[in-house]
Amino acid sequence: MQRSWRIGIIGCGFIASEVHLPVLKQLGNVAIVAACDKDDRRLSHYGSLAGVAESGLYPDHRQMLLAANLDCAIVATPPSVHKEVVADCLNSGLGVLCEKPMAMSGDDALAMLAVASQCQRPLGVICNFLQFPEFVTLKQVMGELGPKAPRLITIRGRGLGMDAVMIQNYLGGRQSGFVSCDHRGGVLRDYGVHAIYVANYLLDAVPSAVTCVVQSAGHPGESVDTSVLCLLEYPTSHAAIDLSWEPRMTTDDRRFQRGSLDIDYDEALVEVSYLDRGDGLHAPALCVTAYDQAGKTVRQIPPASPRERLFASFGATFDRWFESGMHLTGPDDTARVGADAMVVVSACDRSSAARGTVRVEWQSNPDTSGADAPSSPREERAWQP
Ligand SMILES: NC(=O)c1ccc[n+]([C@@H]2O[C@H](COP(=O)([O-])OP(=O)(O)OC[C@H]3O[C@@H](n4cnc5c(N)ncnc54)[C@H](O)[C@@H]3O)[C@@H](O)[C@H]2O)c1
């Protein structure tokens with residue numbers, strides 16, 4: 001008989017209640033038996049949506065860990081507290097699936113991997129964008145173009161995830177919690193990690209050097225980045241990531257310029273066409289087109305609404321976690337993908353502060369230290385959906 005995992009939710013805000021919950025309710029092998037949020041209103045709202053008894057609702061995750069008999073916690077708090085909350089859960093013997101970004105820095109993410117290894121408890125990070133169907137298609141198309149690596153992957157997006165009201169509020173001086181540093185960590189940590197996952201996945205490598213500029217259109221006292229432009233240097237390729245919360249108005253009646261993903265080879269080009277909206281990689285992909293000397297090849301992506309696409313990506317993420325991740329005795333490959341991205345994010349911070357190119361220091365992860373540690377951490381990190 002299939003095992004039913006007893007899970008507790010930590011952080012009952014937008015993603016937990018609007019997206020995770022309806023997806024988790026579809027799974028046959030989980031029971032949400034506890035929830036925790038420091039905000040009473042959100043906690044009781046989540047409790048009624050999820051059908052968690054009053055006795056299963058906690059204002060503090062440590063109380064929940066002591067009192068509820070759990071197998072797993074899903075951590076959906078703001079990233080600034082992921083490290084502490086995740087370590088407490090692992091140390092209490094739980095498996096943990098943590099929302100992205102894994103932490104606020106590469107060092108914190110590597111420390112989280114080390115805790116999971118020491119406790120021998122499973123740790124995963126939600127990398128749901130890697131479940132979007134266009135990336136599997138892109139990998140196939142890249143394979144068909146031959147073994148030569150692309151010259152450049154370019155990922156762009158404007159006005160990401162913000163509607164017009166949020167942007168007007170923010171730029172007009174009325175702070176929107178959506179972009180505050182505590183909440184999401186700025187565009188580099190909130191959205192940039194998705195783009196870094198995608199670039200690392202498509203190139204099956206991690207960058208050795210980074211040149212990055214982060215900028216803030218924030219208000220006094222807010223240091224949150226609202227734009228990021230970075231160039232990642234891979235062994236035989238580059239990736240250019242150009243992301244912003246801020247809209248780029250267009251001259252026609254579209255509000256924002258849409259996002260894009262292009263892959264340039266010396267003698268070929270591959271591009272993803274997205275539904276025409278300003279959400280960058282969030283938007284459903286319509287097709288992947290490859291242009292080379294043989295002509296043009298179009299691969300259609302099965303049609304999906306933005307909601308269907310997002311929910312399917314979380315469905316695949318949760319299925320994978322509860323069917324295989326939870327059986328591990330340490331971090332799974334998604335945790336390594338999440339930590340790799342945070343190491344790159346920290347290099348972006350250093351590059352932006354230094355106004356120049358910085359090398360990315362790749363060490364064997366703490367969990368792989370010892371005589372058998374692989375000399376190349378990548379050997380153990382290739383990610384397959
Ligand atoms: N994978 C995705 O596509 C995706 C999409 C949106 C958000 N996220 C991630 O999910 C996380 C949460 O984002 P959100 O939009 O739901 O934010 P949110 O602010 O709506 O929700 C966060 C909740 O955590 C609670 N909280 C804060 N500190 C806490 C603590 N110490 N203990 C318990 N509860 C605490 C807050 O009260 C709030 O209810 C972020 O890391 C974000 O990047 C991921």
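## A tour of two sheets and their helices

Select helix H2, residues 40–50. H2 lies across strand S1 (5–10), strand S2 (30–36) and S3, running at about 165 degrees to S2. Angles run from 0 to 180 degrees between N-to-C directions, and axes are lines fitted to C-alpha atoms, for helices over the stretch in contact. Two residues are in contact if their C-beta atoms, placed from the backbone, lie within 7 Å. Helices (H or I, at least four residues) and strands (E, at least two) are DSSP runs, numbered from the N terminus.

Before moving on, note that this is a predicted model: local features need pLDDT of at least 70, side-chain atom pairs count only at pLDDT 80 or more, and totals for chains, interfaces and linings use all residues. Numbering starts from 1 along each chain as its sequence is written.

**Stop 1: the sheet under H2**

Show strands S1 to S6. They form an open sheet of six strands in the order S3-S2-S1-S4-S5-S6, with parallel pairing. Strand S3 (57–58) and strand S6 (123–125) are the edge strands, each pairing on one side only. Two strands pair if DSSP finds at least two bridges between them.

Now pick strand S5, residues 95–98. Three bridges join S5 to S6, and the two run parallel. Which residue in S6 stands opposite Val 96? Leu 123 does.

**Stop 2: the nine-stranded sheet**

Switch to the second sheet. Nine strands form this open sheet, in the order S14-S13-S12-S11-S7-S10-S9-S8-S15, and the pairing is mixed. Strand S14 (295–300) and strand S15 (357–359) stand at the edges; each has a single partner strand, so one side of each lacks a neighbour in the sheet. On average, neighbouring strands here are turned by 15 degrees against each other, direction ignored.

Zoom to strand S12, residues 269–274. Its side chains alternate. Val 270, Val 272 and Tyr 274 point to one face and are buried. Leu 269, Glu 271 and Ser 273 point to the other and are not. Buried means 20 or more other C-beta atoms within 10 Å of the residue's own; exposed means 12 or fewer, and partly exposed lies in between, with C-beta atoms placed from the backbone.

Add the partners of S12. Strand S11 (residues 260–264) pairs with S12 in the antiparallel sense over four bridges. A hairpin joins S11 to S12 through four residues. Asp 262 stands opposite Glu 271. On to strand S13 (residues 285–292): S12 and S13 pair in the antiparallel sense over six bridges. There, Ser 273 stands opposite Cys 287.

Go to strand S8, residues 209–215. Three bridges join S8 to S15, running antiparallel. Thr 211 has Thr 357 as its bridge partner in S15. Helix H10 (residues 333–354) lies across S8, strand S9 (227–233) and S15, at about 70 degrees to S8.

**Stop 3: H6 and H8**

Select helix H6, residues 133–144. H6 lies across S11, S12, S13 and S14, running at about 10 degrees to S13. Add helix H8 (residues 186–203): the two helices pack at an angle of about 30 degrees, with axes 10 Å apart. That makes H6 roughly parallel to H8, the class for angles under 35 degrees (over 145 is roughly antiparallel, 65 to 115 roughly perpendicular, the rest oblique). Show side chains at the contact: Phe 135, Leu 138, Lys 139 and Met 142 of H6, with Val 198, Tyr 201 and Leu 202 of H8.

**Zoom out**

The chain comes to ten helices and 15 strands. Of its 385 residues, 46% count as buried.
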